[in-house]
Amino acid sequence: MAYITLNKKHFFNNLDIIAKLCKGKDKIALVLKDNAYGHGLCEMAKMAQEYGITKAVVRSYAEAKAIEEFFEYILVLADFPQAKSDKIRYTVNDLEALQKFEKGTKVELKVNTGMNRNGIEAEALREAFECVQKQGLELEALFTHHSCADEDECIFSQQNEKFAVIKKEAQELQKEFALKELRFHSCNSAALFQTEDFSEDMVRVGIAAYGCLELPKNAHAEQLEPILSLFAQKISTRHLREDACVGYGATYKAESACTIGNYDFGYGDGFLRICSNDYVTPQGVKLLGRISMDNSSFLCSDAELLIFNDARELAKYAHTISYEILTALKANLKRVVLQQ
Ligand SMILES: *Cc1c(COP(=O)(O)O)cnc(C)c1O
């Protein structure tokens with residue numbers, strides 16, 4: 001069966017770079033949503049713990065529960081509590097959601113600084129604090145999310161400025177409402193790597209930790225190493241005659257007689273079908289014809305074939321981003337951690 005390998009050495013190298021930029025591994029909250037960007041939730045959580053990471057960010061309560069033993073702090077981005085837990089914090093994404101949390105729940109307020117997706121508006125800050133008090137919630141932090149940290153410096157700095165204003169106001173409200181001291185965080189991977197002198201309480205890093213941050217001309221980003229490789233295994237070998245066609249739609253026609261292999265990785269496993277016909281593996285092996293649900297054919301007859309070891313490269317063929325390549329990988333693929 002096709003399987004994934006996870007390179008621990010690369011992961012730890014990436015975490016070293018991140019820890020240096022954010023000034024301490026205790027400031028790293030590793031984003032493990034969507035099955036740890038396809039890498040495998042528990043596999044990555046366990047390795048992160050071994051490195052000394054104590055904080056994680058996930059999407060749902062179920063994900064938080066699955067990794068509770070590995071971390072001291074887990075932030076849930078978009079879900080509600082299903083049982084009490086000291087470790088889990090919940091994101092408040094708008095004023096309406098704020099009403100739905102039960103007394104005593106640890107929450108973090110997401111504020112909108114220009115992404116215009118989730119988060120309360122700066123103007124609604126006082127109302128949010130009043131609501132927090134009325135509901136008896138434990139407000140621990142305020143955070144925001146960048147829309148353009150990897151693309152547009154101007155919007156990036158506008159969001160930073162807006163967050164600085166919100167931070168000041170929140171600190172005044174915190175005193176007025178006699179709440180505990182608040183924490184603040186805004187950086188995803190791209191934002192951290194674009195920040196000169198990091199000074200916030202925490203970073204929420206995903207793609208950089210997985211080694212696939214794309215930030216042109218950034219010396220730190222260049223040192224990151226992808227940790228995930230995908231290998232497929234040969235199901236059958238075939239000797240093609242000249243002019244014989246391969247796969248659905250008969251889109252590949254052999255120019256001359258050749259030997260090909262059919263491998264056990266298809267779009268049902270997460271190999272995006274748009275890569276059909278054109279893809280060439282890192283070792284220069286050509287994909288032949290269309291990707292099927294559970295199969296793809298290559299001009300190769302080795303028992304095992306490296307399909308990709310840098311999601312950014314595969315993403316180019318699919319006209320997408322590495323995030324989509326990685327999160328497409330199905331959870332039932334076996335994940336093997338390489339210790340060296
Ligand atoms: C996914 C996500 C991140 C991580 O983004 P990367 O670009 O992978 O570092 C950080 N913060 C929030 C709110 C997210 O949803």
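**Rings, a ligand and one helix**

Okay, let's start with Tyr 37: at 7% relative accessibility, Tyr 37 counts as buried. Buried here means under 20% relative accessible area, exposed means over 50%, and partly exposed is what falls in between, using a 1.4 Å probe and protein chains only. Before I go on, this is a predicted model, where local features need pLDDT of at least 70, side-chain atom pairs count only at pLDDT 80 or more, and totals for chains, interfaces and linings use all residues. Residues are numbered from 1 along each chain as its sequence is written, and side-chain values use heavy atoms, with hydrogens and water left out.

So, which rings pair up? The structure holds 13 aromatic pairs, and one of them joins Tyr 37 and Tyr 323, tilted, with 5.9 Å centre to centre and 40° between the planes. Pairing takes rings of Phe, Tyr or Trp (its six-membered ring) with centres within 6.5 Å; planes under 30 degrees apart are stacked, over 60 edge-to-face, and the rest tilted. Tyr 37 sits in helix H2 (residues 33-37) and Tyr 323 in helix H11 (residues 322-327), so this pair ties together parts that are 286 residues apart in sequence. Helices and strands here are DSSP runs, numbered from the N terminus: H or I with at least four residues for a helix, E with at least two for a strand. Unlike buried Tyr 37, Tyr 323 is partly exposed, at 35% relative accessible area.

Next pair: Phe 80 and Phe 101 have ring centres 4.9 Å apart and planes at 40°, so they are tilted too. Phe 80 is in the loop between strand E4 (73-76) and strand E5 (88-92), and Phe 101 is in the loop between H5 and E6, so that pair links parts 21 residues apart in sequence. Phe 80 is partly exposed at 31%, while Phe 101 is buried at 3%. There is also one aromatic cluster made of Phe 265, Phe 271, Tyr 279 and Tyr 317.

Now the ligand. Which residues are closest to the ligand? Of the 13 that surround it, the closest are Lys 33, Tyr 37, Ser 189, Arg 204 and Tyr 323; near means that a heavy atom of the residue lies within 4 Å. So both tyrosines from our tilted pair turn up in that closest group. Looking at individual atoms, a ligand oxygen is 2.6 Å from an N or O atom in the side chain of Lys 33. A ligand nitrogen is 2.8 Å from an N or O atom in the Arg 204 side chain. At Gly 206 the partner is a polar backbone atom, with a ligand oxygen 3.0 Å away.

Last stop, helix H6, residues 125-135. Its buried residues include Leu 125, Ala 128, Phe 129, Cys 131, Val 132 and Gln 135. They cover an arc of only 160° around the axis, which puts them on the same side of H6; the arc is that of the directions from the helix axis to the C-beta atoms. What covers them? The cover includes helix H5 (95-98), strand E6 (106-110), strand E7 (138-143) and helix H7 (153-176). Right after H6 comes Gly 136, with a positive phi near 70°.

And since H7 came up: Glu 153 is found in helix H7. Buried or exposed, that Glu 153? Glu 153 is exposed, with a relative accessible area of 66%.

Conventions: Contact = heavy atoms within 4.5 Å. Polar contact = N/O pair within 3.5 Å; in protein donor to acceptor, adjacent residues only side chain to side chain.
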